[in-house]
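User: I'd like a close look at one part of this model, namely the packing and what surrounds it. Walk me through it in one go, please.

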Amino acid sequence: MARFEATTSTEPGRAVVRLAGECDLAAREELTAALLTAVADAQVVLVDAGALDFLDSTGIHGLVTAHHAARAAGGRLYVVNARGPVANVLAITGVADLLRPPTDDGVDPR
C-alpha cells in the first residue's frame, strides 16, 4: 500500500495543507477531504507539495476539484513547492499554471 499523508495547519489568513508520499487512487478520499475541509475553513489555501513523491490523475482531479470549490466560495487555492516528477505532472497537465500563486497578491508561498 502506498504511503500518503495530508496534514493541515492554519496560519493567519490561510490554511496550509502539506502533502507527503504518494498521491494516487488509494489516497483519493483522504486528499479530497483534506482539501475541501481547508477550502471551507479558509479564504486562501496553500497546498505544499514539497514532500510529495508521486502524483497521478486522481491527485490532479482532487486539486482541480478543490480549486473550483475555493473559487465558488470566493477563495483561492494554490500549489507551492512541487518538485521533480510531481512538478512535471503539474506542468504537463497545465495545473501548475492554474494553481500558481500570483506574485502580486501578498501570498507568501512558504
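Analyst: A quick definition to start: a helix axis here is a line fitted to the C-alpha atoms over the stretch in contact, and angles run from 0 to 180 degrees between N-to-C directions. Also keep in mind that this is a predicted model.

Let's begin with the helix pair. Helix 1 covers residues 28-41 and helix 2 covers residues 57-72; their axes sit 9 Å apart, at an angle of about 20°. Angles under 35 degrees count as roughly parallel, so helix 1 is roughly parallel to helix 2. The crossing of helix 1 past helix 2 is right-handed. On the helix 1 side, the contact is made by Arg28, Leu31, Thr32, Leu35, Leu36 and Val39. Helix 2 answers with Thr58, Gly59, Gly62, Leu63, Ala66, Ala69 and Ala70. Sorted by class, that contact has 8 nonpolar, 4 polar and 1 charged residues.

Staying in helix 2 for a moment, have a look at histidine 67, which lies in this helix. Histidine 67 has a relative accessible area of 8%, so it counts as buried, the cut-off being under 20%. Leaving aside residues up to four places away in sequence, histidine 67 touches Leu77, Leu98 and Leu99.

Now for what helix 1 lies on. Helix 1 lies across strand 1, strand 2, strand 3 and strand 4, and runs at about 10° to strand 1. Those 4 strands form an open sheet in the order 1-2-3-4, with mixed pairing. Strand 1 (4-11) and strand 4 (76-80) are the edge strands; each has a single partner, so one side of each has no neighbour in the sheet. From one strand to the next, the twist averages 20°.

Go through the sheet pair by pair. Strand 1 and strand 2 run antiparallel and are joined by 8 bridges. Two examples of bridge partners: threonine 7 goes with arginine 18 of strand 2, and threonine 8 goes with valine 17 of strand 2. The hairpin made by these two strands has 2 residues between them, and glycine 13 there takes a positive phi near 80°. Strand 2 and strand 3 run parallel, again with 8 bridges, and glutamate 22 stands opposite phenylalanine 54 of strand 3. Strand 3 (residues 44-55) then runs parallel to strand 4, the two being joined by 5 bridges. Here valine 47 has valine 79 of strand 4 as its bridge partner.

Strand 2 (14-23) deserves a second glance: 8 of its 10 residues are buried, so it's mostly covered. Alanine 15 lies in this strand and, at a relative accessible area of 2%, is buried. Not counting residues up to four places away in sequence, alanine 15 touches Thr8, Ser9, Thr10, Ala38, Ala42, Val44, Val45 and Leu46. Ala38 ties this back to where we started, since helix 1 spans residues 28-41.

One last helix. Helix 3 (residues 84-93) lies across strand 3 and strand 4, running at about 120° to strand 3. To get a feel for the distances involved, take alanine 15 and valine 89: they are 74 residues apart along the chain, and their C-alpha atoms are separated by 24 Å.

How values were computed. Residues numbered from 1 in each chain as written. Predicted model: local features only at pLDDT ≥ 70, side-chain atom pairs only at ≥ 80, totals over all residues. Heavy atoms only, no water. Parallel < 35°, antiparallel > 145°, perpendicular 65-115°, else oblique. Left-handed = near helix turned anticlockwise from the far one by under 90°. Contact = heavy atoms within 4.5 Å. Nonpolar A, V, L, I, M, F, W, Y, C, P; charged D, E, K, R; others polar. Pairing = 2+ DSSP bridges. Buried < 20%, exposed > 50% of the residue type's maximum accessible area, 1.4 Å probe, protein only.
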